[in-house]
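Me: Could you help me look through a structure I just opened? I'd like to go one topic at a time.
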Amino acid sequence: MAPGWVVERLEAGLLQGEQADGRWQFSSATVVRARRLARLESTFDADPHLAALTTDLIEEVTVLRQRLRRLEAGS
């Protein structure tokens with residue numbers, strides 16, 4: 001994505017990053033999140049905040065499924 005796209009989402013609090021030596025650094029999870037946001041925005045012409053909410057829900061479902069698998073494996 002264009003740097004302006006990233007900066008807008010950082011300023012809106014939709015993405016998290018750290019600035020070091022004048023450059024932004026992102027975790028791999030943030031890169032995955034940015035890709036998901038961009039895909040939702042472009043595919044569905046979604047507002048950035050709506051895309052972020054949808055991404056939050058997708059991430060939460062993923063965590064819950066992982067937890068369920070661990071619980072089922074322990075039984």
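Me: At what angle do helix 2 and helix 3 pack?
Reply: In this predicted model, helix 2 and helix 3, the latter covering residues 48-74, pack at an angle of about 125 degrees, and their axes lie 9 Å apart. The two helices are therefore oblique to each other, and their crossing is right-handed.

Me: Which residues make that contact?
Reply: From helix 2 the contact uses Arg33, Arg36, Leu37, Leu40 and Glu41, while helix 3 brings Pro48, Ala51, Ala52, Thr54, Thr55, Asp56, Ile58 and Glu59. Sorted by class, the contact of helix 2 with helix 3 has 6 nonpolar, 2 polar and 5 charged residues.

Me: New topic: how much space lies in the largest pocket?
Reply: The largest pocket holds about 200 Å³ of space.

Me: And which helices supply at least two residues of its lining?
Reply: Helix 1, residues 3-11, and helix 2, residues 28-44, each do so. The lining residues are Met1, Ala2, Pro3, Trp5, Val6, Val7, Trp24, Phe26, Val31, Ala34, Arg35 and Ala38.

Me: What classes are found in that lining?
Reply: The lining of the largest pocket has 11 nonpolar residues and 1 charged residue, with no polar ones.

Conventions
Residues are numbered from 1 along each chain as its sequence is written. This is a predicted model: local features need pLDDT of at least 70, side-chain atom pairs count only at pLDDT 80 or more; totals for chains, interfaces and linings use all residues. Side-chain values use heavy atoms; hydrogens and water are left out. On a 1 Å grid over the protein atoms alone, a cavity is a set of points where a 1.4 Å probe fits but cannot get out, and a pocket is an open set with protein on both sides within 12 Å along at least five of seven lines; lining residues have an atom within 4 Å of a point. Grid points are joined across faces, edges and corners, and a volume is the space filled by probe spheres set on the points. Helices (H or I, at least four residues) and strands (E, at least two) are DSSP runs, numbered from the N terminus. Ala, Val, Leu, Ile, Met, Phe, Trp, Tyr, Cys and Pro count as nonpolar, Asp, Glu, Lys and Arg as charged, and the others, Gly among them, as polar. Axes are lines fitted to C-alpha atoms, for helices over the stretch in contact, and angles run from 0 to 180 degrees between N-to-C directions. Angles under 35 degrees count as roughly parallel, over 145 as roughly antiparallel, 65 to 115 as roughly perpendicular and the rest as oblique. A crossing is left-handed if the near helix is turned anticlockwise from the far one by less than a right angle, and right-handed if clockwise. Contact means heavy atoms within 4.5 Å.
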